[in-house]
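Me: I should like to go through the terms applied to an assembly of chains, and to see what each one rests on.

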10 protein chains.
Amino acid sequence: MLYLVRMDVHLPSDMPADQAEEIKAREKAYSQRLQREGKWPQLYRIVGEYANYSIFDVESNDELHTLLSNLPLFPYLEIAVTPLARHPSSIH
Amino acid sequence: MLYLVRMDVHLPSDMPADQAEEIKAREKAYSQRLQREGKWPQLYRIVGEYANYSIFDVESNDELHTLLSNLPLFPYLEIAVTPLARHPSSIH
Amino acid sequence: MLYLVRMDVHLPSDMPADQAEEIKAREKAYSQRLQREGKWPQLYRIVGEYANYSIFDVESNDELHTLLSNLPLFPYLEIAVTPLARHPSSIH
Amino acid sequence: MLYLVRMDVHLPSDMPADQAEEIKAREKAYSQRLQREGKWPQLYRIVGEYANYSIFDVESNDELHTLLSNLPLFPYLEIAVTPLARHPSSIH
Amino acid sequence: MLYLVRMDVHLPSDMPADQAEEIKAREKAYSQRLQREGKWPQLYRIVGEYANYSIFDVESNDELHTLLSNLPLFPYLEIAVTPLARHPSSIH
Amino acid sequence: MLYLVRMDVHLPSDMPADQAEEIKAREKAYSQRLQREGKWPQLYRIVGEYANYSIFDVESNDELHTLLSNLPLFPYLEIAVTPLARHPSSIH
Amino acid sequence: MLYLVRMDVHLPSDMPADQAEEIKAREKAYSQRLQREGKWPQLYRIVGEYANYSIFDVESNDELHTLLSNLPLFPYLEIAVTPLARHPSSIH
Amino acid sequence: MLYLVRMDVHLPSDMPADQAEEIKAREKAYSQRLQREGKWPQLYRIVGEYANYSIFDVESNDELHTLLSNLPLFPYLEIAVTPLARHPSSIH
Amino acid sequence: MLYLVRMDVHLPSDMPADQAEEIKAREKAYSQRLQREGKWPQLYRIVGEYANYSIFDVESNDELHTLLSNLPLFPYLEIAVTPLARHPSSIH
Amino acid sequence: MLYLVRMDVHLPSDMPADQAEEIKAREKAYSQRLQREGKWPQLYRIVGEYANYSIFDVESNDELHTLLSNLPLFPYLEIAVTPLARHPSSIH
């Protein structure tokens, strides 16, 4: 079951650089694990913004919320979720 | 080069049903041709709305505008385009 | 799996009264069938508006879109869907 | 009498972790007491957000404001209240 | 129990003048009856707009929706309802 | 001459509690003096929000601005003013 | 007493040209009478838009609403009114 | 003196095709005349939209309004004008 | 050449009172100098807000930007500029 | 391939002046290098705002994101990107 997810990152301007780097490193590892597991099949940077558009492929709303709320950057993210359905003109 | 495209369809309420069907049939054929050519690799319905989110894969801004403005439904579409870039955490 | 759905009804001002009544009668029958089946467990009027907030309980995004797009009033509805998850403080 | 209430939580990024935990523990206890009393019959997490949609069942506008303004998290909440009425198509 | 209600009137530009006058005459009579009954204690024109701000004093959300949805102009109104509570600094 | 005024209070999260209490006490006294003088005839809490809707009855735009800008909470208020006129359907 | 007023003109696209010209001629005459009387001391076109910003100088909210609602174009105007006060740094 | 201008075209859906073509042909000729005169040095299509971003180079606000309001499509355009100044980092 | 300018002042809540007073004193002197020179012919307080609407009369976009960016309060201002043109119904 | 880019600068109010100057100096040097290379052919100040509108001329979405995210001011910028295409009425 697919969802389009937009995430905008808002790090506090007074966060120490090493703390920011540590969180981003954990975020990257977490994200790549989910990508390899097929839960997070697509991840794109929005040009010019510290933000991404992603496609998640999960079993339920609850699973999606669990995955998102465990993001190391979650306290600093503004997230918008759009549930997707099969399009009648899709060839897939 | 990838772009996220959202299309909302607004058909006039007084359009005759057969005219609407004819346009939608041409739209479907056009869309499926672009999907098969790899220009429109993803097409999803937004749950509850007469709208879609799509990913387009084209050579340039000009090619994307040409593809979109040739949509049979183009006069009745509200379209928003977001250019995408590679995300540094993507495994692809 | 639960979703909060808001529906705003926008009937064209020139729709003949009997046509409007006929659509609304079919909408009511359809809605009550889904309520009895447990798919649409809650349906509330928004005070002062020709609109409702509803809770849907379905198996998937695709099932929800199918149910909503089959609403007799669908061509005249503005619909917003919010996926819901279990709240950690809920006693249910 | 029913109301739909949306609450978005905005904790200051410099709030000490133990203070945040203490407030959230009181919030949970307070919420569960109101749920058991039937005042707060429904509480859902919005997928991907630190926010909830809730249904409150109270005697009056004043009672609702008293309940909400006594939430331990109230100073950090953005709250939107929508009064609900019986829907003529509801089977309840 | 008090509510602030804003009503914006949007009459179709092609409504015949006598039909508009007839609806407005019924609206005025209906409004004045509710004012005399104490249900609609305040009614003000918003300067420069075909709109009003009103205070309603009713027993419940359901009563308010019934009163508003029976307005002769209801099909042409955009209505926003804000529930009000006693203010701790009010001298009343 | 009447105005509808909405005030939303935004106290800085790091304001010491006793300073906040002192300002609120002065705000209450000031508000109640204006209410007794008939300048601020109505004051309501918006349900669920740290905000109010008020009716002011003053001689001029300048008098209203003077009254509002002298509110002890003024530096922390977001204020929106709507000028009101007599409504032709009002029985008053 | 001064007010800033913004007016946006929205004529129906199917209004006959001579009817539009007749209304605009009456609007111009009415506007110039109010300008000569000192009620409408300033009137500017917003560059690129069929809209104006104006300053009105009137005795009361009621007078302003009467003047605006008597504009021949009033049924086709979207009007926003901002009450103005003396600025402490003004040299006038 | 430079201005950024965004124009969105909204043709009525019931405008006859030949009337639309005739207006667009006059628009194109008018636009190209201004481009050759140096008044309209840049004109770009916004990807996916029936809209453009343009740079105008004129002597005054009044000249810009005259040029824009003489566009054959002006009655069907939504126009937004942003005045531009020299940027201190520009090498031009 | 005239422009309508709206300025909203947002001073940081932790700015020392004497620093704020010093900036405001320089702002007032600067403003009054421009008013006396005829560059800033009108300056009004927006009722209830720490904001103003002003008319500037300058030679060019560049001159306007220079005047505004030299305001002592500029780092704390949110400014919106609307270019104005002569209105065909104006008697001036 | 052209893009319109709007950048709004939001420096934290507590950033030391010399740090701000150092970043702005690097920003200017970086910007002028890109201008000389033809990547950033146009750069304009928005009148009254600490913001710019720019045209970028790049090979791809990825190149644009790389150029923008390397701006020394990037952590303090709100950026909006609009892809542009050739306009059929352009004489270029």
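Reply: The turns below take up symmetry, interfaces and barrels.

Reply: This is a predicted model, in which local features need pLDDT of at least 70 and side-chain atom pairs count only at pLDDT 80 or more, while totals for chains, interfaces and linings use all residues. Residues are numbered from 1 along each chain as its sequence is written, chains are lettered from A and ligands numbered from 1 in the order in which they are written, and side-chain values use heavy atoms, with hydrogens and water left out.

Me: Why are chain H and chain B said to be related as by a five-fold rotation axis?

Reply: Copies are superposed by least squares on the C-alpha atoms of residues with pLDDT of at least 70 in both. Chain H falls on chain B with an RMSD of 0.0 Å after a rotation of 72 degrees and 0.0 Å of shift along the axis. The two copies are therefore related as by a five-fold rotation axis. Within chain H, the residue that comes closest to this axis is Asp14(H), its C-alpha at 8.3 Å.

Me: What makes the relation of chain F to chain E that of a two-fold rotation axis?

Reply: Here the superposing rotation is 180 degrees, again with 0.0 Å of shift and an RMSD of 0.0 Å. The pair is thus related as by a two-fold rotation axis. The same surface serves both copies, since 100% of the contact residues of chain F recur in chain E.

Me: How many residues of chain F and chain E are in contact, and what area do they bury?

Reply: Contact means heavy atoms within 4.5 Å, and 28 residues of chain F meet 28 residues of chain E in this sense. Buried area is the accessible area (1.4 Å probe) that two parts lose on being put together, summed over both. For chain F and chain E the value is about 2600 Å², with 62% on carbon and sulfur atoms. Between chain H and chain B it is about 580 Å², with 68% from carbon and sulfur atoms; seven residues of chain H touch eight of chain B.

Me: How many salt bridges does the rule find across the interface of chain F and chain E?

Reply: The rule asks for a side-chain nitrogen of Lys or Arg within 4 Å of a carboxyl oxygen of Asp or Glu. It finds zero across the interface of chain F and chain E, and zero across that of chain H and chain B.

Me: Which chains have no contact with chain A?

Reply: Chain E is one of them, the closest C-alpha atoms lying 25 Å apart. Chain H is another, at 15 Å.

Me: What makes the strands of chain H and chain J a barrel?

Reply: Strands are DSSP runs (E, at least two residues), as helices are (H or I, at least four), numbered from the N terminus; two strands pair if DSSP finds at least two bridges between them. Eight strands close in the order E1(H)-E3(H)-E2(H)-E4(J)-E1(J)-E3(J)-E2(J)-E4(H), with antiparallel pairing. E4 of chain H (residues 77-86) and E2 of chain J (residues 42-46) share three bridges, so the pair meets the rule of at least two. Leu84(H) has Ile46(J) as its bridge partner in E2(J).

Me: Which strands form the closed barrel of chain G and chain I?

Reply: That barrel of eight strands runs E1(G)-E3(G)-E2(G)-E4(I)-E1(I)-E3(I)-E2(I)-E4(G), with antiparallel pairing. Strand E1 (residues 2-9) and strand E4 (residues 77-86) of chain G are joined by seven bridges. Tyr3(G) has Pro83(G) as its bridge partner in E4(G).
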